[in-house]
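I opened the model to look up its surface, its cores and its salt bridges. My notes follow in the order I took them.

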Amino acid sequence: EGRLTMSSVPGRGTTIALDLPTTIATSRGLLVSIGAGKMLWPFDAVERAIGVPKGDIESSLARGTYAYRGEALPIGPLAGILGFETPSAPLNEHRLSPAIVVRSAGRRGILLVDEVLGESEVVMKELRAPLQRIRNVMTTGLLGTGELVLVARPSDVIASIRGGTHSTVKPADAE
């Protein structure tokens, strides 16, 4: 709740002060697309954007890890972790699939995404009950275009990759 105060001095004018609670904030991060939606990743949780050879994706998902800079990191499709089902493109050994290397609380993982859209800023508003704690999602954000996006809760998503609590990407020819 806010507060309104007024003061007036004859012959000089009136001052009106409006105090409002600050429950709105802005945040910058890396915007990625997944299925028909978008998600913003806080910059402090993004190590880098990479390309994973499409020919390596199926075996990496089956194994649950991808060799990145000499380390086996857990890998998973962000869309699957969030519960979206998206068919993969036909495998092509010479093409790369976009992914981001993410980290939180000393843990790291690789998320396959549809596209890395670049740096973006959103206006965020704190979620209220009953939506205060949604797995994998910190809040929603409003882009300058007026589009709503999910803002990632990195610790949850990395735990979901490590726990294998996601659906796998369906091959393009599977029906």
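**Entry 1: Overview**

I started with the surface. The protein exposes about 10,400 Å², and carbon and sulfur atoms supply 53% of it. I am noting early that this is a predicted model.

I then went through the secondary structure. The protein comes to 3 helices and 12 strands. Of its 175 residues, 37% are buried. I also looked up the contacts between residues with a separation of 6 or more. Residues 24 or more positions apart account for 60% of these contacts.

**Entry 2: The hairpin at the start**

I went to the first two strands. Strand β1 covers residues 3-9 and strand β2 covers residues 13-19. They pair in the antiparallel sense, over 7 bridges. I picked one position to see its partner: S8 stands opposite T14 in β2.

How many residues lie between β1 and β2 in the hairpin? I found 3 residues there. G11 sits in the turn and has a positive phi of about 80°.

Next I looked at the surface of this hairpin. L4, M6, I16 and L18 form a nonpolar patch there. Together they have about 480 Å² of accessible area. β1 and β2 are the elements that give two or more residues to the patch.

I took L4 as my example. L4 is in strand β1. Is L4 buried or exposed? It counts as exposed, because its relative accessibility is 56% and the cut-off for exposed is over 50%. I set this beside a general tendency: in soluble globular proteins, nonpolar side chains tend to be buried together.

**Entry 3: The cores**

I turned to the interior. The largest nonpolar core has 20 residues. Which residues have the most contacts inside this core? They are V32, I34, M39, W41, L78, I100 and L111. I listed the elements that give two or more residues to the core. They are β3 (24-34), β4 (37-42), α2 (78-81), β8 (96-104) and α3 (154-163).

I followed V32 outward, leaving aside residues up to four places away in sequence. V32 touches G37, K38, M39 and W41, among others. Its list also includes L78, I100, V113, E115, V116 and L117.

Another core lies apart from the largest one. This other core has 12 residues, among them I57, I75, V101 and L112.

**Entry 4: Salt bridges**

I searched the whole structure and found 7 salt bridges. I started with E119 and R28, whose closest N and O atoms are 2.5 Å apart. This pair links distant parts of the chain: E119 is in strand β10 (residues 115-125), R28 is in strand β3, and they are 91 residues apart. E119 is exposed, with a relative accessible area of 51%. R28 is partly exposed at 40%.

R28 also meets the side chain of E121 in a salt bridge, at 3.2 Å from N to O. R28 lies in strand β3 and E121 in strand β10, so this pair ties together parts that are 93 residues apart in sequence. E121 counts as partly exposed, at 39% relative accessibility.

I moved on to E147. It forms a salt bridge with K38, and the closest N and O atoms are 3.1 Å apart. E147 lies in the loop between β11 and β12, while K38 is in strand β4, so the pair ties together parts that are 109 residues apart in sequence. E147 is partly exposed, with a relative accessible area of 30%. K38 counts as partly exposed too, at 26%. I had already met K38 on the list of residues that V32 touches.

I also noted a network of salt bridges that links E47, E71, R103 and R108.

**Entry 5: Two glycines**

I finished with two glycines. G144 lies in the loop between β11 (137-142) and β12 (148-152). Its relative accessibility is 82%, so G144 counts as exposed. The C-alpha atoms of G144 and V122 are separated by 7.0 Å, and the two residues are 22 residues apart along the chain.

G55 is in helix α1 (residues 54-63). Why does G55 count as partly exposed? It does so because its relative accessibility is 23%, and partly exposed runs between 20% and 50%. The C-alpha atoms of G55 and R95 are separated by 8.1 Å, with 40 residues along the chain from one to the other.

Note on methods: Residues numbered from 1 in each chain as written. Predicted model: local features only at pLDDT ≥ 70, side-chain atom pairs only at ≥ 80, totals over all residues. Heavy atoms only, no water. Pairing = 2+ DSSP bridges. Helix = DSSP H or I, 4+ residues; strand = E, 2+ residues; numbered from the N terminus. Buried < 20%, exposed > 50% of the residue type's maximum accessible area, 1.4 Å probe, protein only. Patch = residues over 30% accessible without salt bridge, like charges linked within 9 Å, V, L, I, M, F, W, Y side chains within 5 Å. Areas by Shrake-Rupley, 256 points an atom, 1.4 Å probe, with all protein chains shown as cover. Salt bridge = Lys/Arg side-chain N within 4 Å of Asp/Glu carboxyl O. Contact = heavy atoms within 4.5 Å. Core = buried A, V, L, I, M, F, W, Y, C linked by side-chain atoms within 4.5 Å.
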